[in-house]
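Could you open your viewer and get ready to select a few stretches by residue number? We will take the tour one stop at a time.

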Amino acid sequence: MRKSLLALLATTSLMTLTPAIAADTAKPAAEARTPLSELGKDDPYLWMEEIEGTRAMDWAKAQNARSLPVLQGDARYADLEAKALAILNAKDRVPGVSFAGDGSLRNFWQDKDHVRGIWRRTTLDSYRTAEPAWETILDIDALTKAENANWVFKGASCLPPDDTRCLITLSNGGKDAVTVREFDTTTKSFVPGGFELPEGKQNYTWLDKDTLLVGREWTPGELTKSGYAYVLKALKRGQPLDQAKEVFRGVETDVSVSPFVLRDADGKAVAVMATRGVTFFESETYLIEGDKPVKLDLPLKSSIQGYVDGQMVVLMEQDWPAKGFKVGDLISFDLAKLKAAPDKAVATLVLRPTARQSVEQVQTTRTKLVVGMLDNVKGAAKVFTHGPKGWTATSLDLPANSAIGLGSSDDKGERLFVTVTGYLTPTTFWLADAGSLKLEQIKASPARFDASTHVVEQFEATSTDGTKVPYFVVRPKDVKYDGSAPTLLYAYGGFQVPLTPGYSGVMGKLWLERGGVYVVANIRGGGEFGPAWHAAGLKENRQKVYDDFFAVSQDLITRKITSPRRLGIMGGSNGGLLMGVALTQRPELYNAVVVQVPLFDMIRYSQLSAGASWVGEYGDPAIPSERAVIAKYDPYSNLKAGQKYPEVFIETSTKDDRVHPAHARKAAARLMELGYPVLYYENIDGGHAGAANLAETARRQALEYVYLTRRLMD
């Protein structure tokens, strides 16, 4: 398990959080807040914030009609799109699978014959073969046609230990708001009269076979300022929504509240909890026992990672001086003792990473704790065993200098799937036994491009404050160090998300194979070196993230790998904000900027879609001192005439209900108003991921690489 970016744990008792508890956690503002209605009120493009308003949609369609012919009219577009689609639809892709309690392995699959996808299953023995025999459980294309809907499959949550009753999550066009319906994998059909949750941004989990714990908008407007649930209820089988019993209540200023149930290896619930996301990164966790919830004595920045051998495992995302633990530590509690005396429980250290390491993933088997780590942005995996004297560790002997991904585990035994990948190495799929440490390579993905012409190197750039910032360079072996290599630099720099080596067939085929250089910058704000690396770029330190990015850019130029004429950059979401800052602060460094589903108007971001949930990352524009910091880097208000801005390519999705499409729309409109050339594409479907199906994904990628080719290779 790994902490979700939106309040991972949480909820449940059959008791209500009392107003007194909520009041105690409220934080008074340190200074007078500016009314939100005053922020950006003079913006001439406010009408673009009406997502599907006639005027906004007409504008978006007109921009598509202007920009798409430019890119799709390029003689290279059709070939790039065909190559991307062939890779995405390839029948010989290795399907990732997950263990299910009924003994099957399950997978969700999309290709040209299954555009929306099929949820299917096979056996481990069959999966080991070159051509596994698959049985379809649910066909999303057929369902969409039968219901005349626009369904995008968002996953299934199944009830242990058998995993035969599942909550199927369906999204209209890719939105975060979803519809949830109960499904029986035995009959391969939706359960007549079963659980059904109408569309909404909602959090839910199974309590038992006849009870769900659900957080949603129970009455109109009953959402946090961020647009998420703060009221949790227990919903019994056959019960109308309006009869569900309230079990936990946060407050409107929370980010969200979610239900969470810890279970043992046999699927038995051992603890039911309620976690309030006080901010995006801070949460309070309540144990639901007896007559009222009991708040656990945990730092606000910590996350429960799993349960094994009676131990509740927790990741520290801040120092805990009172207990002697440091940021990045992995610790555990005896759950029985914790429940008996929450204020007296003693924690045990499982693992303390070094300054250049971090805990990236945690998974449990029946009796083992498996930890995926990053060591200087390279993967490793350790197996921990709990005993009378604490935890002991051994290592899984996986390939070095790769990214290691922990996949699904088998609660009935010690097996788990592990992936190994690199920029030039196709992903291999391994079956690991955490008990015996035996490793079996099950599958290897086919190569999608000729990697023999390139090599991977890791360098460090020195940021403005002296911090060493690592980055990877994937370059042609015969690169000429004269600044002529067309180079694409990618980064994210936020929300404790690490960028690790990974194989992209499309990027390799459409960029590397054509002579391009690909660079990934591990700038602050990410999670490459744990929570401390993230915290170093928060709020008032945000400029450090951007300085890191500029340092990597300049280092590439200094090494003469590339030059401003040949250097392009790409980033999405928070990375789209990074692109906007790079455009406005250091435009002379770049000749191409791909801005994907971006944040851009940072003065109004907290009022748009889920923006209010991110004040823990960027700060609150309603607080004058924090707004002053934001205003210094806010791309939208810092766009100016007479600058050396290159032609940018801006992309968004109408159905993105996480990062509002108005960010992209307003960025493009303002740039055009100032007289700059802009290419703009708004996908009508797709959600925050930018594509609802593989055909649309191929289209978007082809557009991007045609643009980059025109700007950097021509």
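The stops below go through strands, a disulfide, a sheet and a helix, and the model you are looking at is a predicted one.

**Stop 1: strands β1, β2 and β3**

Start by selecting residues 105–111, which form strand β2. Is this strand mostly covered or mostly open? It is mostly covered, with 6 of its 7 residues buried.

Now add residues 98–99, strand β1, which pairs with β2 in the antiparallel sense over 2 bridges. To see how they line up, pick S98 and look for R106 opposite it in β2. The hairpin of these two strands has 5 residues between them, and there G103 takes a positive phi near 95 degrees.

Next, extend your selection to residues 114–122, strand β3. β3 and β2 are antiparallel too, with 6 bridges in their pairing. A hairpin of 2 residues takes you from β2 to β3. Click on N107 and you will find R120 of β3 standing opposite.

**Stop 2: the disulfide**

Select C158 and C166 and show their side chains. Which bond joins them? A disulfide does, with its sulfur atoms 2.1 Å apart. In general, such a link is a covalent bond between the sulfur atoms of two cysteines. The count for this model comes to 1 disulfide. Look along the S-S bond of C158 and C166: the angle about it is 105 degrees, and the link is right-handed. Both C158 and C166 are buried, so hiding any surface display will help, because buried here means under 20% relative accessible area.

**Stop 3: a four-stranded sheet**

Move on to the open sheet of 4 strands, whose order is β22-β23-β24-β25 with antiparallel pairing. Its edges are β22 (357–364) and β25 (390–395), each of which pairs on one side only. On average, neighbouring strands in this sheet are turned by 30 degrees against each other, direction ignored.

Within the sheet, select residues 369–375 for β23 and 378–387 for β24: this antiparallel pair has 7 bridges. One place to zoom in is L374, whose bridge partner in β24 is G379.

**Stop 4: helix α9**

Finish with residues 542–558, helix α9. How far apart are its end C-alpha atoms? They are 25 Å apart, which agrees with the 24 Å that its 17 residues should span at 1.5 Å a residue. This helix is mostly covered, with 13 of its 17 residues buried. Just after α9, select K560, which takes a positive phi of about 60 degrees.

Technical notes
Residues are numbered from 1 along each chain as its sequence is written. This is a predicted model: local features need pLDDT of at least 70, side-chain atom pairs count only at pLDDT 80 or more; totals for chains, interfaces and linings use all residues. Side-chain values use heavy atoms; hydrogens and water are left out. Two strands pair if DSSP finds at least two bridges between them. Axes are lines fitted to C-alpha atoms, for helices over the stretch in contact, and angles run from 0 to 180 degrees between N-to-C directions. The expected span of a helix is 1.5 Å times one less than its number of residues. Buried means under 20% relative accessible area, exposed over 50%, partly exposed in between (1.4 Å probe, protein chains only). A disulfide is a pair of cysteine sulfur atoms within 2.5 Å.
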